[in-house]
Amino acid sequence: MLKMKDQSSEPEVTSKLVDEMIHSILFLGKIKNKPLCPKDIFDGVDDDNNHHLKEKYPNPFKFYSSQLPRRSPFSCMLDMIVHLKQQNDENGIKDELAEIISKLKDETRKHDKELSSTVLCVSHVNNTDSVKYYGVSMSTSGKKSGRIMIAASCLSFYWDEYVAGAVMTFYPDLMKKPYFDGTFNLSRDATCRAYNIKNKSEMKPCKSCSNLFGFQETDPKVWPYGNCAEVESLSKLFKNDDQVKQQSRPQSDTFTPDNIEKVKDETRKKLKEILNMTKFEKWSGEFYDPSVELTCREG
Ligand SMILES: [Zn+2]
């Protein structure tokens, strides 16, 4: 990420992605069963000018034990790659991701292979010149960290409201809420396809994604709701195209403002319970925002 950052003509954009990714990594280290401190993770990692990361990016180090990340580290990496390539250069983006995955694999052979995603999803409206939106699968390891990150992505508005509502319909288990159904059928005007990052082959959506988004042809595999690349990719599509979003609106009578508040409260409560099972004791209730200057945040 530090090397990629300097290839950009917009360093303010890429620095934020590095900043956000560092926070997300530090947080995931903190909540491990055997917690890792910043020194364990980043000791010896300097930028090109030999600045220690902490000098250059103080905020992640200051807030990793009080604020939650809005997304997993690899998601920041995806944004960096899309930023450096062209938004619609799907093949270039796939090539770059495959290369990074294989490099990460070489470097982490003897350690956990956590923090890298395995699936990329591409969504777009069905026009020849439509913009493509990308998502990656959750890059955490372990049940607790995945559940924490899914709730955080829902509650921090990182995911679009409809997508988050669909995911929270099932959160934190595979059981559908009796009082709320935020699932929807993706508009026929849009396409959503998933690919194995390593070999670039197309993958059928899993059963969970078909329950969330009404996909027809699916793989019987059931992943935790919110784990898959489709979620992030559709979320970006909806945030940028209100027409396709409204065409995909959840149809259940239970999709009401009151029930949306109720399911959010329940998700937040569950999130706190899971956080209490980790060494992350004192959530301020805030989500980390790399765009906020330190002075404002403390003020
Ligand atoms: Zn899925």
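Let's start with one residue. Serine 66 sits in a loop, between helix 5 (58-63) and helix 6 (73-84). Keep in mind that this is a predicted model.

Is serine 66 buried or exposed? Its relative accessibility is 18%. The cut-off for buried is under 20%, so serine 66 counts as buried. What is serine 66 in contact with, once neighbours within four places in sequence are left aside? Phe280, Lys282, Trp283 and Ser284.

Now the whole chain. There are 14 helices and four strands. The radius of gyration is 19 Å, and the globule rule gives 19 Å for 299 residues, so the chain is as compact as a globular protein of that length. Along the principal axes, the C-alpha atoms fill a box of roughly 55 × 45 × 40 Å. Buried residues make up 51% of the 299. On contacts, take those with a separation of 6 or more: 69% of them link residues 24 or more positions apart. As for the surface, about 15,300 Å² is exposed, with 47% of that supplied by carbon and sulfur atoms.

Next, the strands. Look at strand 3, residues 190-196. Five of its seven residues are buried, so to speak of it as mostly covered is fair. Which strands does strand 3 pair with? One is strand 1, residues 119-125. That pairing is antiparallel and runs over seven bridges. Within it, leucine 120 stands opposite tyrosine 195 of strand 3.

Another partner is strand 4, residues 202-203. Here two bridges join the strands, again antiparallel. Alanine 194 stands opposite methionine 203 in strand 4. Strands 3 and 4 form a hairpin with five residues between them. Look at lysine 200 in that hairpin: it takes a positive phi near 65°.

A general reminder while we are on strands. In a regular strand, side chains alternate between the two faces of the sheet.

Last stop, the metal. Which residues coordinate the zinc ion? Cys206, Cys209 and Cys228, each through SG. The distances are 2.2 to 2.3 Å. In sequence, the donor residues follow the spacing C-x2-C-x18-C. Cysteine 206 and cysteine 209 are both buried.

To recap the residues worth finding on screen. Serine 66, buried in its loop. Lysine 200, with its positive phi in the hairpin. And Cys206, Cys209 and Cys228, at the zinc ion.

Notes: Residues are numbered from 1 along each chain as its sequence is written. This is a predicted model: local features need pLDDT of at least 70, side-chain atom pairs count only at pLDDT 80 or more; totals for chains, interfaces and linings use all residues. Side-chain values use heavy atoms; hydrogens and water are left out. Buried means under 20% relative accessible area, exposed over 50%, partly exposed in between (1.4 Å probe, protein chains only). Two strands pair if DSSP finds at least two bridges between them. Donors are N, O and S atoms within 2.8 Å of the metal (3.2 Å for Na, K and Ca); water is not among the atoms, so sites may look incomplete. The radius of gyration is taken over C-alpha atoms; the globule rule is 2.2 Å times the number of residues to the power 0.38. Contact means heavy atoms within 4.5 Å. Accessible areas come from the Shrake-Rupley method with a 1.4 Å probe; for residues, only the protein chains shown count as cover.
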